[in-house]
Amino acid sequence: MSQSHSPRFRPSRRHFLQIGLAVPAAGMLPRAAGAAAPNSKLRTAHIGVGGMGRADLNAISSHSHVEVAALCDVDAQRLEQAHAQHPNAKVFRDYRELFEKMSGAVDGVVVSTPDHTHAPAAMMALQHDKPVYCQKPLTHAVHEARRLREVALAKNLVTQMGIQVHSSAPYRRAVVMIQEGAIGPVSHVYAWSNKNWGYDGDAPTNVQPAPETLAWDLWLGTAAKRDYVPSAYHPGSWRKLIDFGTGTLGDMGVHIFDTPYAALALTAPNWAMTTCRPPTHVGHPERNVVQYEFPGTKYTTDKMIWTWYDGSFAPPKVSDLDLPSGWDLGSLQLPGQGALFVGQTGVMLLPHVGEPVLLPEKTFAETKRPDIGGGNHYHQWVDACMGEGTTSAGFDYAGPLTESLLLGVVANRFPDTKLMWDAVELRVTNLEAANQLLKKEYRDGFVVRGL
Ligand SMILES: NC(=O)c1ccc[n+]([C@@H]2O[C@H](COP(=O)([O-])OP(=O)(O)OC[C@H]3O[C@@H](n4cnc5c(N)ncnc54)[C@H](O)[C@@H]3O)[C@@H](O)[C@H]2O)c1
């Protein structure tokens, strides 16, 4: 454990002013003042250390002020691999036990589990007054995103969602170009991913005993009990299934929607509507077209439409896009993943991940690009925990972004129905059945205070 230990784990008053939030009451301001001592350490706990969790662990522990204090994974093999890299860390299979035993010896928590476990693990960390780095999408259900944001804000804790591209130079450049009016007010954003994180089949049936190395009941966590089926859930395949993941829209859409959401200063949609196959109640659709209408902002026309395509619907055909007539976009080829912003004076194509391209080419031949560098999204969180700077995708930003996206995931259970959205009340105003899907029932033993 760290010897000298005086980091600040809370954002400053200036941070609240900068991001336009109400300044917290005096009692909630940072408890410790002054910069962290140069040799102090942030003691981290990592929940989920395989797959992306491994990348998160490597990226966060590469910060010179991080000391990995605890590792938790329900898969003993993955846990062992991480432990071999960080032999001084304590190991756990159950995050509830981690908090019970290590709360006083941990300063920040990283959550890199499947989506259905984000909210319970992250909320438990917040309830223990820990800053959190949580993978995307922030949560599995709309209500969970609202609650994480509210609790993080009320406790004034440093948070960050794992959308690392948000801090990259091309995405930051795209945001500045849009906000400086490069293509005028934006009326429509088309976005797409040709990945298929859906599943149109029946419930998995090839039941087998779970491997001894996998704590299956802990993997299920808050979700209803069911038998283990190899390759159907763990690792990775859970993202296709409605009880655990959020399909391609939640998985890739959160990265690709992030830039329009930030650049256009979007808030909550007026409505969302999905075109896809009828619901199976098992998997997310293998291909979707999801449309949202957002209220206008200073960077958009009166209303802004966001249209998402995934699976074999992506990329859309250029000829199907509603572009102003007379614009010569040459022989534009859309990449497999990306976004196209339609402004009043031009178009911006933003490949995922790549440099923004302004079109028509002739119009923008002389346009200079802002000279903007990228940042390290992971180290931003560590630095903010240590009292230096702020995070760029804290739960104050990630919460509303995730709520908006997840409304589209709910909409794919009611194809061709416009779900009218009241974000203040957090309810669909025209379809009570949709409201039942905004909040989840947690299994006994996994209920977390605050959710
Ligand atoms: N930001 C990105 O670019 C990016 C890329 C890939 C995945 N992700 C996100 O990372 C998360 C994990 O995705 P993945 O592809 O690595 O999945 P995965 O199934 O490969 O890995 C999840 C890991 O969490 C562990 N785990 C599962 N339940 C747990 C629990 N209750 N407690 C502790 N550990 C548990 C698993 O054993 C496994 O090691 C998802 O939220 C996903 O959306 C983000």
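Begin by selecting Pro137, which sits in the loop between β5 and α6 (142-155), and keep in mind throughout the tour that this is a predicted model. Look at the peptide bond that leads from Lys136 into Pro137, since this bond is cis, with omega near -20°. A second bond of interest runs from His352 to Val353, and that peptide bond is also cis, with an omega near 5°. To find Val353, go to the loop between β12 (347-351) and β13 (357-359).

**The whole chain**

Now zoom out and colour the protein chain by secondary structure, which will show 13 helices and 15 strands. The radius of gyration is 22 Å, close to the 22 Å that the globule rule gives for 451 residues, so the chain is as compact as a globular protein of that length. If you turn the chain along its principal axes, the C-alpha atoms fill a box of roughly 65 × 55 × 40 Å. Of the 451 residues, 49% count as buried. Among the contacts between residues at least 6 apart in sequence, 73% join residues that are at least 24 apart.

**Strand β4 and its neighbours**

Select residues 108-111, which make up strand β4, and show the side chains or, for glycine, the backbone. In a regular strand the side chains alternate between the two faces of the sheet. In β4, Gly108 and Val110 point one way while Val109 and Val111 point the other way, and all of these residues are buried.

Next add strand β1 (residues 42-47), which runs parallel to β4 and is joined to it by four bridges; here you can find His46 standing opposite Val110. Then add strand β5 (residues 132-135), which is also parallel to β4 and is joined to it by three bridges, with Val109 standing opposite Val132. To follow the chain from β4 to β5, trace it through helix α5 (residues 118-127), and you will see a β-α-β crossover that is right-handed.

On the way, pause at Asp129 in the loop between α5 and β5. Its phi is near 65°, a positive value in a residue other than glycine. Is Asp129 buried, partly exposed or exposed? With 14 other C-beta atoms within 10 Å, Asp129 is partly exposed.

**A covered helix**

Select helix α11 (residues 377-385), which is mostly covered, as eight of its nine residues are buried. Among these buried residues are His377, Tyr378, Trp381 and Cys385. What covers the buried residues of α11? The cover includes β1, α2, β2 (66-72), β4, β5 and β6 (159-162), so several strands from the previous stop can stay on display. Just after α11, Gly387 takes a positive phi of about 95°.

**An exposed turning point**

Move to Asp416, in the loop between α12 (395-411) and β14 (419-422). Asp416 has a positive phi of about 65° although it is not a glycine, and with 10 other C-beta atoms within 10 Å this residue is exposed.

**The ligand**

Finish at the ligand, which is surrounded by 29 residues, the closest being Gly48, Gly50, Gly51, Met52 and Pro235. The shell around the ligand divides into ten nonpolar, 13 polar and six charged residues. Helices α2 (52-61) and α8 (216-220) each supply at least two residues of this shell.

Terms used: Residues numbered from 1 in each chain as written. Predicted model: local features only at pLDDT ≥ 70, side-chain atom pairs only at ≥ 80, totals over all residues. Near = placed C-beta within 6 Å. Nonpolar A, V, L, I, M, F, W, Y, C, P; charged D, E, K, R; others polar. Buried ≥ 20, exposed ≤ 12 C-beta atoms within 10 Å, placed from the backbone. Pairing = 2+ DSSP bridges. Right-handed = clockwise from strand over helix to strand, strands pointing away. Rg over C-alpha atoms; globule rule 2.2 N^0.38 Å. Contact = placed C-beta atoms within 7 Å.
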